[in-house]
Each structure stands twice: as structure tokens, then as C-alpha cells.
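Work through the exercises below with the model open in your viewer. Try each task before you read its solution.

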Amino acid sequence: MTVQDIRAFNRFYTNVIGALDYSRRLYAPYTLTESRVLYELAHSPRTDAADLRTELSLDAGYLSRILNKFEEDGLIERTPSARDPRRRRVTLTPRGRETAALLAERANESVGALLAAVPSADRPRLSEAMRTVREILSGDRPPAREDVVLREPSPGDLGWIVQRNAALYASEFGWNADYEGLVARIVADFAEDHDPHLERVWIAELDGRPVGCVMCVRDDAPATARLRLLLVEPEARGLGIGDRLVRAVIDFARGVGYRELVLWTNDVLTSAGRIYRRHGFVLVGEQPHRSFGKDLNGQDWRLDLHGTPG
């Protein structure tokens with residue numbers, strides 16, 4: 001391979017990206033760079049302006065102009081950072097979250113149209129080639145937090161949620177097929193009948209493969225959402241994925257108007273319990289039970305979405 005080979009590929013791929021031009025195809029008044037900033041604000045755990053500048057390799061003045069535009073459009077709010085008062089924390093407003101979600105939906109449709117032109121038999125080869133490029137050019141660098149993307153589920157991901165929950169909990173805790181049946185029912189209920197404005201699934205993706213998930217669904221109690229099926233693959237732990245997934249649920253639930261967020265878990269899931277407590281959940285009840293072939297201690301956790309800081 002020569003330098004010219006790489007430059008030729010870059011020219012080709014730049015033309016492909018040009019076919020997905022944001023301002024034309026997404027029917028939005030935002031450039032590709034502006035859309036990238038919105039995407040980072042919607043998905044990154046770090047929302048300080050300085051972190052955004054580093055993450056996206058943007059000039060400080062350029063980023064400042066973008067953020068000023070977003071603020072004028074009512075998409076963001078800027079406040080002093082809790083970590084360092086000299087820094088500015090940037091968060092999306094409800095309108096900003098709606099705009100980011102709309103751009104993501106249109107981007108998915110645009111890329112989907114591009115992928116539709118690829119024969120089904122060639123798609124695994126294309127996916128593997130893209131994965132190979134990423135792995136080779138990243139060298140031996142271990143995965144980092146910024147490599148993880150939170151996205152909506154693609155076809156097959158809901159089945160992955162069932163399979164990985166069953167396999168991991170059997171391996172780590174010895175739970176039997178009763179748990180797989182429970183997860184399958186939860187996922188099937190969501191797939192067959194859910195309100196996309198009030199219920200959502202997130203998939204954490206690393207290097208093109210799912211490594212985590214969580215669900216937010218309506219609870220029976222009024223104005224209450226339920227967090228369900230939080231999972232992070234063992235090889236992806238330590239990258240803050242659990243925190244990001246829980247934060248995504250909290251932000252979504254608060255943004256669409258729920259007043260409380262509840263969840264049920266078992267005390268053997270100690271790492272998950274630490275995450276819930278870190279995000280302000282309060283343990284409100286415990287009950288011994290026999291489930292999944294084991295004697296367990298169930299726990300109910302609750303978060304007051306209007307009594308905790310955003």
C-alpha cells in the first residue's frame with residue numbers, strides 16, 4: 001500500500017460522505033460540523049465546552065460561534081461546570097434534544113438509503129472491512145470512553161438483548177432459563193407495543209458491535225417511568241458505559257415529563273447498585289424471593305426526577 005492508495009480512498013470516501021450532505025439531505029439549517037456538536041452533546045458524558053473542543057478537534061473561536069448559534073436557537077444552556085467553575089457546562093434543552101433526535105433519525109434514513117444499494121450478500125464483507133480499517137489504524141490503543149456510542153436499536157438488537165442477558169446472568173450468577181423467559185417477555189412487549197415518544201431502548205456500541213443496553217418504559221403508576229435491563233458486557237466494563245446508559249434514561253425520562261423513575265433489581269448486582277446510587281436513586285424496599293433458580297433479595301429503587309439536579 002502506498003500514500004497514493006490512501007489518498008485515493010480518501011477522495012472516494014469524501015465523495016460518499018458528500019452524498020450524505022447534512023444541509024441538503026437532512027433538511028436542516030445545520031452544517032455537518034454543527035450536527036456533530038449536537039450529536040456529542042446528546043451522547044457524550046463530557047459536556048464542558050473545553051471537552052467538546054478537544055473531542056471534535058475544533059478551533060475555540062469556531063466552537064464558540066456554533067454554541068452561540070445553538071443558544072440563540074434555544075437548543076442549549078450554558079452554566080458553570082460543577083467540576084471547575086472556570087469552565088462552562090453545555091447541556092441540551094428539550095428543544096435541543098428533539099433537534100438532535102430528528103437529525104439522528106434523518107441521518108439514519110440517509111445512510112440506510114445508501115446501504116440499501118449494497119446487496120445483502122455483500123454487507124457482512126463491507127462491515128468486516130470497515131471494522132478492519134478501524135482496528136488497524138487505531139493500533140494497539142485500548143478502547144476509550146469516547147469510542148463508545150449510544151444509539152437506538154437496529155434490527156436484531158432486541159434479540160441480542162435477550163440472548164446476552166440470558167447468557168451473562170447464567171454465567172455470572174447461575175440464573176436459569178426463567179430469567180431468559182422474563183427478559184424475552186419484556187422485550188417482546190416493547191417490540192409489539194410501545195410509545196416512541198415516552199419509551200426507548202439504548203444500545204451501547206463499541207467497534208461496531210453492541211456491548212451494553214438499557215430500556216425506559218412506562219410504569220403502571222401515573223407519570224412514572226421504569227428503567228429495565230441495564231447490561232454491560234464484561235470486556236467493556238470500566239469505560240463508564242453503565243453510567244452513560246443510566247444517565248440517558250434519566251435525561252430522557254425527565255425531558256418527556258415523567259416525575260419519577262423506578263427500577264427493580266437484586267442485591268447481588270452490586271455494581272449496578274452503585275451506579276443507581278451515584279445517580280440519585282434511593283433504595284425504598286427489599287424483599288427476599290425465590291426466582292431464576294436462586295434465593296435472591298429483590299430491591300426497589302426510586303428517583304424523584306423533579307427533586308434532583310439535571
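The exercises cover strand pairing, helix spans, backbone angles and one pocket.

This is a predicted model, in which local features need pLDDT of at least 70, side-chain atom pairs count only at pLDDT 80 or more, and totals for chains, interfaces and linings use all residues. Residues are numbered from 1 along each chain as its sequence is written, and side-chain values use heavy atoms, with hydrogens and water left out.

**Exercise 1. Strand β7**

Task: Find the pairing partners of β7 and state the sense of each pairing.

Solution:
- Start with the element itself: helices (H or I, at least four residues) and strands (E, at least two) are DSSP runs, numbered from the N terminus.
- Two strands pair if DSSP finds at least two bridges between them.
- β6 and β7 run parallel, joined by 3 bridges. One contact to check is R226, whose bridge partner in β7 is V262.
- Trace the chain from β6 through α10 to β7: this β-α-β crossover is right-handed. The term means that, with the strands pointing away from the viewer, the path from the first strand over the helix to the second runs clockwise.
- β9 (residues 294–304) pairs with β7 in the antiparallel sense, over 7 bridges. Here V262 has R302 as its bridge partner.
- Now check burial. Buried means under 20% relative accessible area, exposed over 50%, partly exposed in between (1.4 Å probe, protein chains only). In β7, 5 of 7 residues are buried, so the strand is mostly covered.

**Exercise 2. Helix spans**

Task: Compare the end-to-end C-alpha distance of α10 with its expected span.

Solution:
- The expected span is 1.5 Å times one less than the number of residues.
- For α10, with 15 residues, that gives 21 Å, and its end C-alpha atoms are 21 Å apart. The two values agree.
- Repeat for α6 (residues 94–116): its 23 residues should span 33 Å, and the ends are 33 Å apart.
- Then take α7 (residues 123–137): 15 residues, 21 Å from first C-alpha to last, close to the expected 21 Å.
- List the buried positions. In α6 they are G96, T99, A100, L103, A107 and S110.
- In α10 the buried residues include I241, L245, A248 and F252.
- An α-helix has 3.6 residues a turn, so residues three or four places apart point the same way.

**Exercise 3. Positive phi**

Task: Which residues other than glycine have a positive phi here, and are they buried or partly exposed?

Solution:
- A223 is one, with phi of about 55°. A223 sits in the loop between β5 (209–218) and β6. At 37% relative accessible area, A223 is partly exposed.
- F292 is another, with phi near 60°. F292 sits in the loop between β8 (282–291) and β9. Its relative accessibility is 8%, so F292 counts as buried.
- Two glycines also have positive phi: G139, which follows α7, is near 65°, and G257, which follows α10, is near 105°.

**Exercise 4. The second largest pocket**

Task: Describe the volume and lining of the second largest pocket.

Solution:
- A pocket is an open set of points, on a 1 Å grid over the protein atoms alone, where a 1.4 Å probe fits, with protein on both sides within 12 Å along at least five of seven lines; lining residues have an atom within 4 Å of a point.
- Grid points are joined across faces, edges and corners, and a volume is the space filled by probe spheres set on the points. Here it is about 810 Å³.
- The lining has 37 residues, and Y169, L230, L231, L269 and A272 lie nearest the centre.
- Elements giving two or more residues to this lining include α8 (157–173), β6 (224–232) and α11 (270–278).
- By class, the lining has 22 nonpolar, 7 polar and 8 charged residues. Nonpolar covers Ala, Val, Leu, Ile, Met, Phe, Trp, Tyr, Cys and Pro; charged covers Asp, Glu, Lys and Arg; the others, Gly among them, are polar.
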